[in-house]
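Welcome! Could you walk a newcomer through this structure, one question at a time?

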Amino acid sequence: MNQVTKGQWNGYDTYILKTGRLEVTLLPRLGNNVIEIKDQQEQRHVLRRPEESELAFYLQKPYHFGMPMLIPPGRIEKGRFEYGGTSYQFDQNTANDNHIHGLHRTQAWCVSDIEEDDEGCAITTEFSTSEDPRWTAQMPQPLKLQMNFRLQESELHKRLRVINNGTEPVPFGMGYHTWFLLDGQPDQWTLKLPVEGIYTLNDQLIPTGHQAPLGELEALNKGFNMKDADFDTILSIPEGEPAEAILTRNDGYGIHYSADRSYFKHWVLYTKGKADEFLCIEPYTWLPNAPNLDLPNETTGLIHLEPGQSVELHTKLQIHYPNT
């Protein structure tokens, strides 16, 4: 049966989308994060999930669990940039007084709709940035964010709609810092995704705007085994190729993770040291530090939103099973 039920995590309401194959747990009041995906058919957890005892760590760094949104993603030099004649100063919250991983952290979203039908189930949530003083202090133009999560059998569709409700244009970028589990067996997993170059970083891990050849990572285009992999790498997607990552286990079990290529132009891969338990596969719309790079928006992926303008950003996660 396709249904949405309620649960609790540390006293906060969760909403659990269920089909016969997957259970997806959403935590709207702490960042609107998908904190758990449970594969009922395989009896395994797909994502790194926060334990109840990890509340303090989650509140400090919620982007270490589940499928958190980064708005905007990555580092911004000194947290400072100018756009459209407006000066922005984001929190300097990482080494060397730079900014990392955006304004969106543990904001409370409201559930506005729940659907259940023969094909699946869905939940819609909303958040207005004007309700968050810390957000408006850094980006004063108000945005309305609406997120729809729809689960159909073994597919999770996510649609983020962003509306500029302000009077000035704003620069927008986002990504998902998605924590896939490798079950302590990285040698059993192979990653394939179309990429063409590695963005070079300066000594503060901020993109320079230049690219280097893939070298041994050329294998990502055909299939890269995760044994001994050590990623903290930003990669560009070739023109005309899909934004699609395929993570496959040796027995044929697979995770297909895709994004709308019209907006998602970059992948970040992160293993938190040498790959063991985790592989973060992160689709980004903008290249970190995009507003400060001397590159066109078509290259960096920065989304220009005029007053009253909106954009919809689509991603899909699908589980494939052996012999199906």
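What follows is a short conversation about strands, cores and contacts.

Author: This is a predicted model, where local features need pLDDT of at least 70, side-chain atom pairs count only at pLDDT 80 or more, and totals for chains, interfaces and linings use all residues. Residues are numbered from 1 along each chain as its sequence is written, and side-chain values use heavy atoms, with hydrogens and water left out.

Reader: Thanks! Is leucine 269 buried or exposed?

Author: Leucine 269 belongs to strand 25, residues 266-270. Strands (E, at least two residues) are DSSP runs, numbered from the N terminus. Buried means under 20% relative accessible area, exposed over 50%, and partly exposed in between, with a 1.4 Å probe and protein chains only. Because its relative accessibility is 0%, leucine 269 counts as buried.

Reader: Which residues does leucine 269 touch, not counting those up to four places away in sequence?

Author: Contact here means heavy atoms within 4.5 Å. With those sequence neighbours set aside, the partners of leucine 269 are Leu191, Leu193, Leu220, Phe231, Asp232, Thr233, Leu235, Cys280 and Ile281.

Reader: Which residues have the most contacts inside the largest nonpolar core?

Author: A nonpolar core is a set of buried Ala, Val, Leu, Ile, Met, Phe, Trp, Tyr and Cys residues joined through side-chain atoms within 4.5 Å. The largest one has 76 residues. Strand 13 (residues 143-152) gives the most to this core, with five residues. Those with the most contacts inside the core are Ile37, Leu160, Leu191, Met226 and Ile281.

Reader: Leu191 came up twice; which residue of strand 23 stands opposite leucine 191?

Author: Two strands pair if DSSP finds at least two bridges between them. Strand 18 (residues 189-192) and strand 23 run antiparallel and are joined by four bridges. Across from leucine 191 in strand 23 is leucine 247.

Reader: And which residue in strand 24 stands opposite leucine 247?

Author: Strand 23 (residues 243-249) is mostly covered, with five of its seven residues buried. Six bridges join strand 23 to strand 24 (residues 254-259), and the two run antiparallel. Opposite leucine 247 in strand 24 is isoleucine 255.

Reader: Which residue in the hairpin of strand 23 and strand 24 takes a positive phi?

Author: This hairpin has four residues between the strands. The residue with a positive phi, near 100°, is glycine 252.

Reader: Last one: which are the edge strands of the open sheet with the order 1-2-3-4-5?

Author: Five strands form this open sheet, and their pairing is antiparallel. An edge strand pairs on one side only, and here the edges are strand 1 (3-9) and strand 5 (44-45).
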